[in-house]
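Work through the exercises below with the model open. Each task is followed by a stepwise solution.

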Amino acid sequence: MSPETIPAAETFSPIRWDHGLKLLDQTRLPSEEVWLDCATPEDVAAAIYRLSVRGAPAIGVSAAYGLVVGLETKRDDQTLDERFEEVAEFLGATRPTAVNLRWAIDKGREIFAASVGDGDEGRIAALLEWAKRVHREDIESCRRIGAFGAELFRANDRVLTHCNTGALATGGYGTALGVIQSSFDQGKISHVWVDETRPLLQGARLTAWELGRLGIPYKLVTDSSVGSLMSRGLVERVVLGADRIAANGDTANKIGTYTVAVMANRHGVPFYVAAPLSTIDPATPTGNEIPIEERSGDEVTDVFGAIIAPENAPAANFAFDVTPHELVTAIITDVGVLEPPFTEAIALALASQKS
Ligand code: MRU
């Protein structure tokens, strides 16, 4: 089926606009499904920071709506333009690695600037219409990624994934998990190995929840199982997501991704990164320039309420790592599968978007 033919409306989304912004609180999954009402841009920023909404594309979509919430709550002592910049600044400071956040804010600024002359109500309406489009187009992008990615899979592959890249991490459908879903629907995947993804357990809590709902067979494994699984010949492919892809293909993604890539390389297992073009940052030449978010050590020592280390144990918590492009077999995007040399393939793909 051509990816364009699937309507976005059929897809589950963790983000809703219903006379205001509502976000599915992912910190409460899988035990509870709680929707947060985000009445102020501070609510949106807090939800992004504490990972109630997470995953690079979902952060971008939420930020787009967050700008609208910001304009709707303008104070009397400021202009709409001043309010836009105030909100753009604190939303933009919530998470440094996922480039979709900056992408959404920069695009939103362009739309907002173009609406000058429409009056305050008209400008807010224009921004809301754009945010809804970003949301819809993100789902459509994911569908295309899924369809392009499925072409790389063979019958009955056992695939390993890391973190959560499903509907929960996007506007809907998912990137790497979209590839898994689309390949499974075509009979190409027999089973998914799901890394639990320490410390916040996006694999155990979220990917397992999504695969269960989709009826796709999976087994949860500890992050340190990857070497053993591959050396025993139990993994045919890896597919996972990205928070930012540099112009040369170096890829920042959830901590632990680099370890998976090294293991895949060692064992000759294809290692695919699935992401929309909005995750590629041409302004970042290589992975060395990607800012890596460092979060509180408490997330390492305190696992959802259970303290697992001595009191005051110092802990480092780098949220992401960078996989060098040499370890990436292909990047599955919404405009097609990019293969090495990535610098050229990425430049061409981005240029095709502009033309
Ligand atoms: O800290 P998170 O949960 O936001 O990290 C998410 C990831 O690392 C994902 O793999 C990435 O954002 C891609 S989501 C489609």
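The exercises deal with the contact between two domains.

This is a predicted model: local features need pLDDT of at least 70, side-chain atom pairs count only at pLDDT 80 or more, and totals for chains, interfaces and linings use all residues. Residues are numbered from 1 along each chain as its sequence is written, and side-chain values use heavy atoms, with hydrogens and water left out.

**Exercise 1.** Locate the domains and state how many residues each gives to the contact.

*Solution.* Start with the bounds, which come from an automatic or database domain assignment. Domain 1 spans 15-143 and domain 2 spans 147-354. Their C-alpha centres lie 25 Å apart. Next, take the contact (heavy atoms within 4.5 Å). Domain 1 supplies 30 residues and domain 2 supplies 35.

**Exercise 2.** Give the area buried between domain 1 and domain 2.

*Solution.* Use the accessible area (1.4 Å probe) that two parts lose on being put together, summed over both. The result is about 2,700 Å². Carbon and sulfur atoms give 52% of that area.

**Exercise 3.** Count the salt bridges between domain 1 and domain 2, then describe the pair R95 and E293.

*Solution.* Apply the criterion: a side-chain nitrogen of Lys or Arg within 4 Å of a carboxyl oxygen of Asp or Glu. Two salt bridges join the domains. For R95 and E293, which form a salt bridge, the closest N and O atoms are 3.0 Å apart.
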